[in-house]
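Okay, thanks everyone. Let me put the structure up and walk you through it.

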Amino acid sequence: MPPLTNTPVYFGNFLVTPQVFHLTAHSFALVNIKPLLPGHVLVSPRRPAKRLSDLNHAEVADLFLTVQQVGRMVERFYGASSLNIAIQDGPAAGQSVPHLHTHIIPRQSLDLEEQGGSDAIYGMLEGEDGDVGKHLWEKSNRRPKFPSVDDSSRQPRTEEEMVDEARKLADEMKQQQITDGSSHSSL
């Protein structure tokens, strides 16, 4: 399956077209290079706005309808019972890529019990584990002279792994739209 679009899709300065699994008039959803938990995806406006307050009314409505639709799909697809939905709105809030994005993280009961309980996800989002910008930077072959050591057990995924997941999730989004009769559909 080729990418959803022939038009390049950027997340900040990073070309992410192969990772995109859903497109709407104003938003896109993409798989995460280093998900905190299985199914951790991002939804972002197509226009590279840095903050939520930079979006116009149509973009805000589209972003949150897309978050709702993608959230429902990943919760079902990954067998989750709940979701974390988070926006780090600006650098002081932990935003690592200067392009507004919403994290959608499928959750299961006791999935982070060994890390201190379900609220451990917030520390993960704000720490090095959740630094999407750093992981994309390292992937882009523009590595710093002395790359930092990632001491966690999670490894960045390959382009092939992300494309494979994006294909599966794109198929799921199409199936969900058929089943739901959704009026908020992809392009």
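So, in which order do the 5 strands of the open sheet come? Reading across, the order is β3-β4-β5-β7-β6, and the pairing is antiparallel. At the edges you have β3, residues 20-23, and β6; each has a single partner strand, so one side of each has no neighbour in the sheet. From one strand to the next, the twist averages 20°.

Let's look at one of those edges. β6 is joined to β7, residues 102-107, by 6 bridges, and the two run antiparallel. One pair you can look for there is Ile87 with its bridge partner in β7, Thr102.

Now the helices. α1 packs on the sheet and touches β3, β4, β5, β6 and β7, with its direction at about 165° to that of β5. Then there's α4, residues 159-180, which lies across β3, β4 and β5 and runs at about 30° to β3.

Next, a residue I like: Tyr78, in the loop between α1 and β6. With a relative accessibility of 21%, Tyr78 counts as partly exposed, because buried would need under 20%. Its contacts further off in sequence include Pro38, Gly39, Pro106 and Glu165. Tyr78 and Pro38 are 40 residues apart along the chain, yet their C-alpha atoms are separated by 7.3 Å.

How far do we trust this? Remember, this is a predicted model. The chain averages a pLDDT of 84, and 82% of the residues score at least 70. Confidence is highest in β5, at a mean of 98, and lowest in α3, at 57. Over residues 142-151, pLDDT stays under 50. Where pLDDT is low, don't read the predicted coordinates in detail.

Methods. Residues numbered from 1 in each chain as written. Predicted model: local features only at pLDDT ≥ 70, side-chain atom pairs only at ≥ 80, totals over all residues. Heavy atoms only, no water. pLDDT = per-residue confidence, 0-100. Helix = DSSP H or I, 4+ residues; strand = E, 2+ residues; numbered from the N terminus. Contact = heavy atoms within 4.5 Å. Buried < 20%, exposed > 50% of the residue type's maximum accessible area, 1.4 Å probe, protein only. Pairing = 2+ DSSP bridges. Axes fitted to C-alpha atoms, helices over the stretch in contact; angles between N-to-C directions. Lists of a residue's contacts leave out its neighbours within four places in sequence.
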